[in-house]
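Grab your viewer and work through a few short exercises. Each one sets a task and then walks through a solution.

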Amino acid sequence: MEGARMIPADEATNLAILRELERKVLWISSYMIHYANHEVDRGDGLKVGGHQASSASLVTLMTALYFRVLRPQDRVAVKPHASPVFHAIQYLLGHQSLDQLQNFRGFGGTQSYPSRTKDKDDVDFSTGSVGLGVAVTGFASLVQDYVHAKGWSKEWPKGRMISLMGDAELDEGNIHEALLEYWKHGLKNCWWVIDYNRQSLDSVVSDRLFMKLAGLFENLGWKVVLIKYGKLLQRAFAEPGGQRLKEWIDDCPNMLYSALVFQGGAAWRRQLEQDLAIHPDTLAILRRHDDEALAQLMTNLGGHDLEAIIEAFEGAPSDQPVCFIAYTIKGFGLPFQGHKDNHAGLMTKAQIDALRVREGINQGEEWDRLAGVRVAASKIEDYLARVPFRQKGARRLQGPRIALDTFPKLEWKGQLATQSGFGRVLDEIARANGPLAERIVTTSPDVTVSTNLGAWVNRRGLFSLASQEDLFRERGLMSPQRWALSPKGQHIELGIAEMNLFLMLAALGLSHSLFGERLLPVGTLYDPFICRGLDALNYACYQDARFIVAGTPSGLTLAPEGGAHQSISTPLIGMAQDGLASFEPAYADELAVIMEWAFDYIQRQAAEHGDHRWQRDEQGGSVYLRLSTRPLEQPTRTITPELRQGIIDGGYWLRRPDPAAELAIVYCGAVAPEAIAAAGLLSEDRRGVGVLAVTSADRLSAGWHAAQRAKDEGDRAARARVEDLLGGLSRDAALLTVMDGYPEALSWLGGVRGHRVRALGVEHFGQSGSIGELYGHYGLDVNAILAAAEGISGRPVRYRVQ
Ligand SMILES: Cc1ncc(C[n+]2csc(CCOP(=O)(O)OP(=O)(O)O)c2C)c(N)n1
Ligand SMILES: [Mg+2]
């Protein structure tokens with residue numbers, strides 16, 4: 001009988017202390033929610049909410065983890081609504097301030113969901129969008145394997161990447177995509193602890209789901225550990241008639257169980273006496289408990305029993321990923337425990353007062369870390385000082401910056417597409433073989449070759465923990481791809497799942513912070529499929545992960561490959577996504593400038609760079625390159641420092657307008673030839689038509705917003721690059737913008753100095769054809785530009801293309 005295990009004396013003391021800490025965590029997390037809702041007047045009459053029931057579900061599991069099981073190198077993603085539990089634990093460990101707790105969900109206070117970037121204590125992974133915080137842990141574990149396979153991270157041992165997840169998170173498809181990917185890469189150091197409260201936001205989830213879940217995980221190489229019954233129940237099951245009780249619980253529908261949990265002892269007794277009337281032994285067990293003890297027994301699920309939890313965690317294998325299915329009760333220990341509508345339930349003043357009295361806390365002592373404990377506070381403080389998790393202090397690591405002096409100097413001639421230029425830059429970096437090449441990791445969801453990463457992979461190899469030669473090569477079979485797999489490899493090949501790409505980029509892009517080793521991640525995908533992974537991209541940016549992503553091919557230029565794949569909205573996504581600087585160059589020399597800058601930008605930290613007006617330039621971020629497979633004749637030119645700056649700031653005059661010009665053509669990306677040809681034809685009967693090359697609508701607009709803000713703040717001299725650029729054009733002139741994407745990505749330029757605008761771009765999609773045919777059809781060819789010029793200037797143009 002498990003319950004009879006002898007507990008050594010010091011272990012008994014430890015457990016007693018942990019029980020007190022568990023009580024404190026429940027109280028502090030509950031009170032911080034209550035305080036934020038009842039004691040703070042935020043002036044808008046709104047309750048800030050706080051999900052007490054969802055939070056309470058994880059109190060015991062998190063107490064066991066943080067105060068006992070975790071080591072400093074372990075990294076945890078805490079489910080969104082358990083944020084108060086996490087911060088309460090940090091408070092007890094002395095890593096969180098009272099002020100922050102009291103300002104829960106307030107401006108500048110502890111965040112609704114744990115946040116790496118906004119919370120002030122030690123959050124490892126942000127969570128919020130359910131499923132993403134879970135899946136990133138597995139990718140982080142793979143990144144940890146990568147870093148160690150290279151012989152790096154000597155000072156920081158391998159840890160477990162842990163997700164404390166809600167059971168409803170398993171409904172998110174991205175979890176299942178990730179599970180398949182992990183299996184391919186031999187995931188090991190990963191724990192998923194499912195808070196199996198059988199409740200989601202709206203209701204109670206279907207019965208017996210755990211059996212399906214267990215099968216799913218086992219099938220994919222995970223060890224499944226059920227933490228189903230607590231020690232009280234285990235002991236009761238071992239008594240005569242106990243097996244009946246176990247059967248009753250196992251067969252009890254979730255809905256009924258939840259209702260009884262909510263109703264309490266008397267209701268349990270009525271139900272059990274009725275259902276087990278013909279089993280006197282079992283009834284005898286029940287009768288040995290008063291109502292309160294009966295409720296305690298019947299709700300003694302594994303996820304609320306410290307001993308059962310510690311046993312499960314400490315007995316878990318270390319050579320495979322582990323999924324713990326921990327049975328819990330949503331709202332355990334609180335008045336609305338088990339109620340199906342409790343998700344957003346808040347306690348009333350009377351209820352929180354009753355809880356305070358129950359926990360032995362006097363009025364005025366609500367925030368005292370150890371008020372109401374039943375073990376000497378000095379013993380608890382002593383225990384807290386020895387908690388393994390806190391032994392290394394701050395766990396936010398740093399990776400030294402990687403020098404870029406080996407970035408290749410390239411010459412570009414003839415016809416070339418930006419996608420080919422991208423492949424060539426990486427190939428040359430690989431060939432140069434310096435520190436830059438060493439730290440780049442590439443990854444792609446099954447489009448490695450078709451996004452031009454092939455040459456890079458040939459030189460640097462595919463990453464795998466186990467080595468495997470390229471069989472085609474061994475047998476002398478011709479193939480341009482040499483795909484040997486080894487721990488030395490630097491390309492991580494993914495299956496087709498764009499969510500996984502962005503989660504992998506998120507994990508790679510946090511390597512410096514999680515493992516103390518900087519990586520320079522570069523991911524590629526077809527541009528339209530950014531939308532497939534968009535929430536994961538947003539999540540990666542929110543965590544401040546650092547990476548470069550190339551979306552290619554893009555827009556109409558993938559022409560015959562299929563109308564369904566034409567990306568229209570991605571330029572706007574690139575502009576609107578916080579933490580992501582986006583570029584769409586037309587020429588390879590521009591792309592090379594941008595890539596060199598990008599490898600620096602993704603390594604920046606706040607306050608390193610001087611330009612205080614453009615906040616993002618100081619603190620850095622990630623970079624998105626929207627590329628194309630359309631070959632363009634490359635200009636022969638020298639990149640002067642001024643041109644370089646223009647390319648990086650977002651635009652430059654390819655042809656300066658005459659001061660009296662009545663028109664300028666503004667283009668972005670692969671439509672450069674049409675814009676230039678139209679400007680040439682227009683010049684026959686219009687004076688000095690200018691051509692403005694936009695390499696980044698995002699950076700131009702961000703710079704403009706930043707300059708306006710600086711002006712608002714009193715810096716009258718603040719001026720954005722785009723103001724300077726358009727300052728060379730008469731106010732009466734018109735702007736004709738053109739891009740292979742949604743037209744509004746450029747039409748805003750009219751707002752900068754009040755120029756009239758006609759914006760050409762793509763508003764509809766879906767037709768296959770040649771680039772010429774599609775540009776004609778959608779109104780981006782030379783004649784369409786000329787017609788638009790005629791319309792906006794109100795007089796005919798002399799030449800058209802026949
Ligand atoms: C992608 C996404 N969709 C919807 C939500 C809103 N939401 C927050 S929590 C939740 C259900 C949570 O259930 P579960 O994971 O079981 O957590 P519990 O509160 O039961 O512990 C939902 C739908 C969200 N945060 N993210
Ligand atoms: Mg749930």
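**Exercise 1: the ligand shell**

Sort the residues around ligand 1 by class. The shell of ligand 1 splits into three nonpolar, nine polar and six charged residues. Keep in mind that you're looking at a predicted model.

Next, pick out which residues come nearest to ligand 1. Of the 18 residues around the ligand, those are Ser-54, Lys-79, Gly-128, Asp-167 and Gln-199.

**Exercise 2: polar contacts of the ligand**

Find polar contacts of ligand 1, using a cut-off of 3.5 Å between N or O atoms.

- Step 1: start with the backbone. A polar backbone atom of Gly-128 sits 2.9 Å from a nitrogen atom of ligand 1, so this pair passes the 3.5 Å cut-off.
- Step 2: move on to Val-130. Here, too, a polar backbone atom pairs with a nitrogen atom of the ligand, at 3.1 Å.
- Step 3: check a side chain. Asn-197 puts a polar side-chain atom 3.0 Å from an oxygen atom of ligand 1.
- Step 4: look at the cover. On its own, ligand 1 has 590 Å² of accessible area, and the protein covers 75% of that.

**Exercise 3: a helix pair**

Describe how helix H3 (residues 59–69) packs with helix H4 (residues 83–92).

- Step 1: get the geometry. The axes of H3 and H4 are 10 Å apart, at an angle of about 40 degrees.
- Step 2: get the hand. The crossing of H3 and H4 is right-handed.
- Step 3: list the contact. H3 brings in Val-59, Met-62, Thr-63, Tyr-66 and Phe-67, while H4 supplies Val-85, Phe-86, Ile-89, Gln-90 and Leu-92.
- Step 4: classify it. You get eight nonpolar residues, two polar ones and no charged ones.

**Exercise 4: backbone oddities**

Work out where Pro-553 and Asn-433 sit, and check their backbone.

- Step 1: Pro-553 is in the loop between strand S12 (548–551) and helix H25 (570–576). The peptide bond leading from Thr-552 to Pro-553 is cis, with omega near -5 degrees.
- Step 2: Asn-433 is in the loop between helix H18 (418–432) and helix H19 (435–439). Though not a glycine, Asn-433 has a positive phi of about 60 degrees.

Conventions: Residues are numbered from 1 along each chain as its sequence is written. Chains are lettered from A and ligands numbered from 1 in the order in which they are written. This is a predicted model: local features need pLDDT of at least 70, side-chain atom pairs count only at pLDDT 80 or more; totals for chains, interfaces and linings use all residues. Side-chain values use heavy atoms; hydrogens and water are left out. A residue is near a molecule or strand if one of its heavy atoms lies within 4 Å of it. A polar contact is a pair of N or O atoms within 3.5 Å; within protein, one must be able to donate a hydrogen and the other to accept it, and residues adjacent in sequence count only if both atoms are side-chain atoms. Accessible areas come from the Shrake-Rupley method with a 1.4 Å probe; for residues, only the protein chains shown count as cover. Ala, Val, Leu, Ile, Met, Phe, Trp, Tyr, Cys and Pro count as nonpolar, Asp, Glu, Lys and Arg as charged, and the others, Gly among them, as polar. Axes are lines fitted to C-alpha atoms, for helices over the stretch in contact, and angles run from 0 to 180 degrees between N-to-C directions. Helices (H or I, at least four residues) and strands (E, at least two) are DSSP runs, numbered from the N terminus. A crossing is left-handed if the near helix is turned anticlockwise from the far one by less than a right angle, and right-handed if clockwise. Contact means heavy atoms within 4.5 Å.
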